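Please work through the following exercises with the sequence and the model side by side. Each task is followed by a solution that goes step by step.

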Amino acid sequence: MRSINLPKKAARSRCNDNQVMNTQRKTQSPFSVFMILLAAVLWGTTGVFMTFLREAGFSPMQIVFLRSSLSTVLLGLFLLISDRSKFRFKLKDIWIFVGTGIVSLMTYTIFNQIAIKLCTLSIASALVYTSPAFILIMSAILFREKMTGGKITAIIVTICGCFLVSGVLTPGAVISLPGIAAGVASGFCYGMYSIFGRYGVAKYDSMTVTFYTFLFVTIASFPMSEIASMPSILRESPNAIPLVIFFGPITCLAPYLAYTVGLRGTESGTAGILATLEPVVSTILSILIFHEIMTWQKVLGIVLILGSVLIVNVRIPHRKNDPNKLIT
């Protein structure tokens, strides 16, 4: 039988595609699920930090710059000391980091701020969590993930839960069509981190992907950060200094690193659903720290979100033909 030799370039391309596909076909590991949930918990603290920093006088773009720049410096120093080889990447793969950093995180922030301005913070926050739907669709197209009934149900339950937790359905909620469009756009961009990140972890270490993601966000946000005014803000509000120091590591460096590690052993669609634990943590912290009122809508929303996490993780034995076969 004659063998068919592919051109080297085509063979490499097919090999790279297989690498990305193989990261998706791995069995979902408990460790990866834990890392995704850990990331969601840490992201849930973001609102607390941002509330105090805004009260201190920092603008939204200054907060974004502080978050990404401190994370870039800390992770960069760690890699410089521990393993400099993780700084290396091929120039042809720069699109991955532009995707995770600028297309995803930076653009998500811009659309999210527009949605907050035109609607309310609660509505904007709820619309961000349309992201699992986008992740599931894109993953099915790009990575051939199966769109199971469990996943679709989990996404519907998740979106309903996020809207209830955010308080969107309470009387007096401000609705704006351009604001809703911006909010949905923020959800799409937010979800793209899982897509670009999947390509990244197929080729590079999680720390490499995370470092260059933060670096590109820092570069993109610098022109809009009004960095010259930051020292005066800290002089007037010295209590904000510890917040600035811990803001990046707790809400950016640790969770994005954990999420990127988790992507290695979790399907992108499943990871997106698991990450929606974030608004549950945010709501609980708001009640404990800012004494927000716990309504029945928020309780129901929390139950629905936790239920969606169970839906994508609990495996049910198939009753027909093969009793040992598991389905999700």
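The exercises below deal with salt bridges and then with a cavity.

This is a predicted model, in which local features need pLDDT of at least 70 and side-chain atom pairs count only at pLDDT 80 or more, while totals for chains, interfaces and linings use all residues. Residues are numbered from 1 along each chain as its sequence is written, and side-chain values use heavy atoms, with hydrogens and water left out.

**Exercise 1.** Find how many salt bridges the whole structure has, and describe the one between Asp-205 and Lys-86.

Solution. Begin with the criterion: a salt bridge is a side-chain nitrogen of Lys or Arg within 4 Å of a carboxyl oxygen of Asp or Glu. A search of the whole structure with this rule gives four salt bridges. One of them joins the side chains of Asp-205 and Lys-86, with an N to O distance of 3.9 Å. Next, place the partners: Asp-205 is in the loop between helix 9 (177–203) and helix 10 (206–221), and Lys-86 is in the loop between helix 4 (60–82) and helix 5 (94–118), so the pair ties together parts 119 residues apart in sequence. Helices here are DSSP runs (H or I, at least four residues), numbered from the N terminus. Finally, consider accessibility, where buried means under 20% relative accessible area, exposed over 50%, and partly exposed in between (1.4 Å probe, protein chains only). Asp-205, at 31%, is partly exposed, and Lys-86, at 22%, is also partly exposed.

**Exercise 2.** Work out which residues are linked with Lys-151 in a network of salt bridges.

Solution. Take the two contacts in turn. Lys-151 meets Glu-145 in a salt bridge of 3.7 Å, N to O, and Lys-151 also forms a salt bridge with Glu-267, whose closest N and O atoms are 2.3 Å apart. Because Glu-267 lies in the loop between helix 12 (241–262) and helix 13 (268–274) while Lys-151 lies in helix 8 (residues 149–166), this pair ties together parts 116 residues apart in sequence. Lys-151 is buried, at 7% relative accessible area, whereas Glu-267 is partly exposed at 23%. Glu-145 is buried. Glu-145, Lys-151 and Glu-267 are thus linked in a network.

**Exercise 3.** Determine which helix gives the most residues to the lining of the largest cavity.

Solution. On a 1 Å grid over the protein atoms alone, a cavity is a set of points where a 1.4 Å probe fits but cannot get out, and lining residues have an atom within 4 Å of a point. The structure holds one cavity of 30 Å³ or more. The residues lining the largest cavity include Trp-43, Leu-105, Tyr-190 and Tyr-256. Helix 9 gives the most, with four residues.

Notes
Helices (H or I, at least four residues) and strands (E, at least two) are DSSP runs, numbered from the N terminus. On a 1 Å grid over the protein atoms alone, a cavity is a set of points where a 1.4 Å probe fits but cannot get out, and a pocket is an open set with protein on both sides within 12 Å along at least five of seven lines; lining residues have an atom within 4 Å of a point. Grid points are joined across faces, edges and corners, and a volume is the space filled by probe spheres set on the points.
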